[in-house]
Structure formats: structure tokens, C-alpha cells
Amino acid sequence: DRFGGYSSGTQDRFGGYSSGTQDRFGGYSSGTQAYYGGYYGGYYGGIQQWIYYSGRWSYGPAAMWFGQRTNTIIKTDQSQGIWSYERYPNGREQWQYWGYWYPGYHHAWFGADARGWHQIAIWGSRSGWSNPIWVYVW
């Protein structure tokens, strides 16, 4: 695909490969490399992130009202340093170091502190980027 990752499937008209359907954010949902190098659907290792939206755990997109917050779950398969990343609607980027995590599931929060589209992701010192999650704040 346009970010250098490949999956089994056929090449599309843009020179990328897909074994699934492209979503409106340019990611593929059946194992192709996603926006920051994490993997959707056909996940095979590294870091995965979910957001609690509309009564279920989801890879997004999600929507919420200004001032609300919701749970996120991060799964890592190896010990590593963990950073969270958020890109705000105005383009500002915010990083936060969460420390050294051991393999397993870890709880975090997303707070709706600005109106518009937010992009959140996790970065691990060994595994790189998680799947990105898009959240719209009303």
C-alpha cells in the first residue's frame, strides 16, 4: 500500500495491495498495513488499541460530545516503553510517555477536550505504531 506494507490480495489502481475493503480514512480492514504501521483486522503482533464506543469495543471511528471521556484498551505483546499520540483538529500533536509496560492489556482514557476530528495512536519502543483511531468530538 502507499505506506510500504503489503498483504495477500490484488493490487489496486494506486499501486497498493488489499485483501479487504478500504475505509474512508485510507486504512484496510483485513490485514494491510495501516496509517502509522500498525495493522487492522489481520493483526499479527505488536500493539493494538481499542476504544469503547456505543456499547462495544471498536477500532473506530468513534464520536462523542465535548467534555465526555471514554475507555481505551491497549494490548502489547512485548515489554517496551509506551507513548500515546494525539493529533488535534487544529493540527497540534501531543505525546505522552506512559512508562515501561510488560505484555498484556492496559487501560487508558480518551477525553473529548476539543471539537472536531482527533487521531489517537500508541507507539512502542520495540513494536512501533498501533492502529490509529479517529474520534469526532461534537
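This is a short walk through the structure above, from its overall make-up to a few local details.

The model is a predicted one, so side-chain atom pairs enter only at pLDDT 80 or more. The protein chain has zero helices and twelve strands. Read from the N terminus, the order is therefore quick to give: β-β-β-β-β-β-β-β-β-β-β-β. Of the 138 residues in the chain, 44% are buried.

I will start with strand 3, which covers residues 47–53. Is this strand enclosed or open to the outside? Five of its seven residues are buried, so the rest of the structure largely encloses strand 3. One residue in strand 3 is I47. Its relative accessibility is 2%, and because the cut-off for buried is under 20%, I47 counts as buried. I47 also has a partner far along the chain: S130 is 83 residues away in sequence, yet the two C-alpha atoms are 4.9 Å apart in space.

Now the neighbours of strand 3. Strand 6, residues 69–76, runs antiparallel to strand 3, and five bridges join the two. Within that pairing, W50 stands opposite I73 of strand 6. Strand 4 is also antiparallel to strand 3, here with three bridges. Y52 has W57 in strand 4 as its bridge partner. As a general point, side chains in a regular strand alternate between the two faces of the sheet.

What lies between strand 3 and strand 4? The two strands form a hairpin, with two residues separating them. S54 sits in that turn. This serine has a positive phi of about 55°, although it is not a glycine. At 65% relative accessibility S54 is exposed, because the cut-off for exposed is over 50%. So I47 in strand 3 is buried, whereas S54 in the loop after strand 3 is exposed.

A little further along comes another backbone detail. Strand 4 spans 56–58 and strand 5 spans 62–64, and P61 is found in the loop between them. The peptide bond that joins G60 and P61 is cis, with omega at about 0°.

Next, the pockets. Rolling a probe the size of a water molecule over the atoms shows where empty space is left. The largest pocket holds about 260 Å³ of space. Twenty residues line this pocket, and those closest to its centre are S84, E86, W98, W109 and I120. Which strands supply at least two residues each to the lining? They are strand 6, strand 7 (80–87), strand 8, strand 9 (104–111) and strand 10 (116–124). Strand 8 gives the largest share of the lining, with five residues.

Strand 8 runs over residues 93–101 and also contains Y97. With a relative accessible area of 45%, Y97 is partly exposed. That value is over the 30% cut-off for patch residues, so Y97 can belong to a surface patch. Which residues make the nonpolar surface patch? Y97, Y100 and Y102 make it, and the patch comes to about 380 Å².

To recap: strand 3 is largely enclosed and has five of its seven residues buried. It pairs with strand 6 through five bridges and with strand 4 through three. Strand 8 supplies five residues to the lining of the largest pocket, and Y97 of strand 8 is part of the nonpolar patch.

Note on methods. Residues are numbered from 1 along each chain as its sequence is written. This is a predicted model: local features need pLDDT of at least 70, side-chain atom pairs count only at pLDDT 80 or more; totals for chains, interfaces and linings use all residues. Side-chain values use heavy atoms; hydrogens and water are left out. Helices (H or I, at least four residues) and strands (E, at least two) are DSSP runs, numbered from the N terminus. Buried means under 20% relative accessible area, exposed over 50%, partly exposed in between (1.4 Å probe, protein chains only). Patches are made of residues with over 30% relative accessible area and no salt bridge: like charges are joined within 9 Å, nonpolar side chains (Val, Leu, Ile, Met, Phe, Trp, Tyr) within 5 Å. Accessible areas come from the Shrake-Rupley method with a 1.4 Å probe; for residues, only the protein chains shown count as cover. A salt bridge is a side-chain nitrogen of Lys or Arg within 4 Å of a carboxyl oxygen of Asp or Glu. Two strands pair if DSSP finds at least two bridges between them. On a 1 Å grid over the protein atoms alone, a cavity is a set of points where a 1.4 Å probe fits but cannot get out, and a pocket is an open set with protein on both sides within 12 Å along at least five of seven lines; lining residues have an atom within 4 Å of a point. Grid points are joined across faces, edges and corners, and a volume is the space filled by probe spheres set on the points.
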